[in-house]
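Visitor: I am new to this structure. Please take me through one part of it closely, and show me how that part sits in the whole.

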Amino acid sequence: MRITLKQIEAFLAVADGGNVSRAAARLQSAQPAVSQPLNELEPILAVRTFARPTRRVVLPLSPL
């Protein structure tokens with residue numbers, strides 16, 4: 001599988017915004033449309049892209 005531009009945009013928007021809601025607003029998209037590319041990205045990279053402790057996301061990347 002290849003990494004898509006949509007996956008990269010979603011990753012960067014969430015990393016910058018700190019949560020999926022802010023990323024969705026920034027991308028003018030729905031939350032599931034941001035979460036889906038992130039979920040598809042993790043198996044490609046073989047790492048967990050974000051820790052999701054509550055309503056926020058946290059970097060850094062960690063192994064699955």
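Guide: Let us look closely at helix 1. One caution comes before the tour: this is a predicted model.

Start with the setting. The protein has 3 helices and 2 strands. Read from the N terminus, the order is α-α-α-β-β. There are 64 residues, and 31% of them count as buried. About 4400 Å² of the protein is exposed, and carbon and sulfur atoms supply 56% of that area. Now consider contacts between residues with a separation of 6 or more. Of these, 39% join residues 24 or more positions apart.

Now the helix itself. Helix 1 covers residues 5-17. Three of its residues deserve a stop: Q7, I8 and D16.

Take Q7 first. This residue lies in helix 1. Is Q7 buried or exposed? Its relative accessibility is 3%, so Q7 counts as buried, the cut-off being under 20%. What does Q7 touch? Set aside the neighbours within four places in sequence, and Q7 contacts R2, P37, E40, L41 and I44. The side chain of Q7 also reaches a backbone atom. That atom is the nitrogen of T4, at 2.8 Å.

Move one place along to I8. This residue is in helix 1 too. Its relative accessibility is 39%, so I8 counts as partly exposed. I8 belongs to a nonpolar patch on the surface, together with I3, L5, L12 and L45. The five have about 450 Å² of accessible area together. Which element gives the most to this patch? Helix 1 does, with 3 residues.

Go on to D16. Here the helix meets another element. The side chains of D16 and R26 form a salt bridge, at 2.7 Å from N to O. R26 belongs to helix 2 (residues 20-26) and D16 to helix 1, so the pair ties together parts that are 10 residues apart in sequence. How many salt bridges does the structure hold? The count is 1. Both partners are exposed. D16 has 59% relative accessibility, and R26 has a relative accessible area of 52%.

Put the three stops together. Q7 is buried and in helix 1. I8 is partly exposed and joins the nonpolar patch. D16 is exposed and pairs with R26 in the salt bridge. That is helix 1, stop by stop.

Methods. Residues numbered from 1 in each chain as written. Predicted model: local features only at pLDDT ≥ 70, side-chain atom pairs only at ≥ 80, totals over all residues. Heavy atoms only, no water. Patch = residues over 30% accessible without salt bridge, like charges linked within 9 Å, V, L, I, M, F, W, Y side chains within 5 Å. Areas by Shrake-Rupley, 256 points an atom, 1.4 Å probe, with all protein chains shown as cover. Salt bridge = Lys/Arg side-chain N within 4 Å of Asp/Glu carboxyl O. Helix = DSSP H or I, 4+ residues; strand = E, 2+ residues; numbered from the N terminus. Buried < 20%, exposed > 50% of the residue type's maximum accessible area, 1.4 Å probe, protein only. Polar contact = N/O pair within 3.5 Å; in protein donor to acceptor, adjacent residues only side chain to side chain. Contact = heavy atoms within 4.5 Å.
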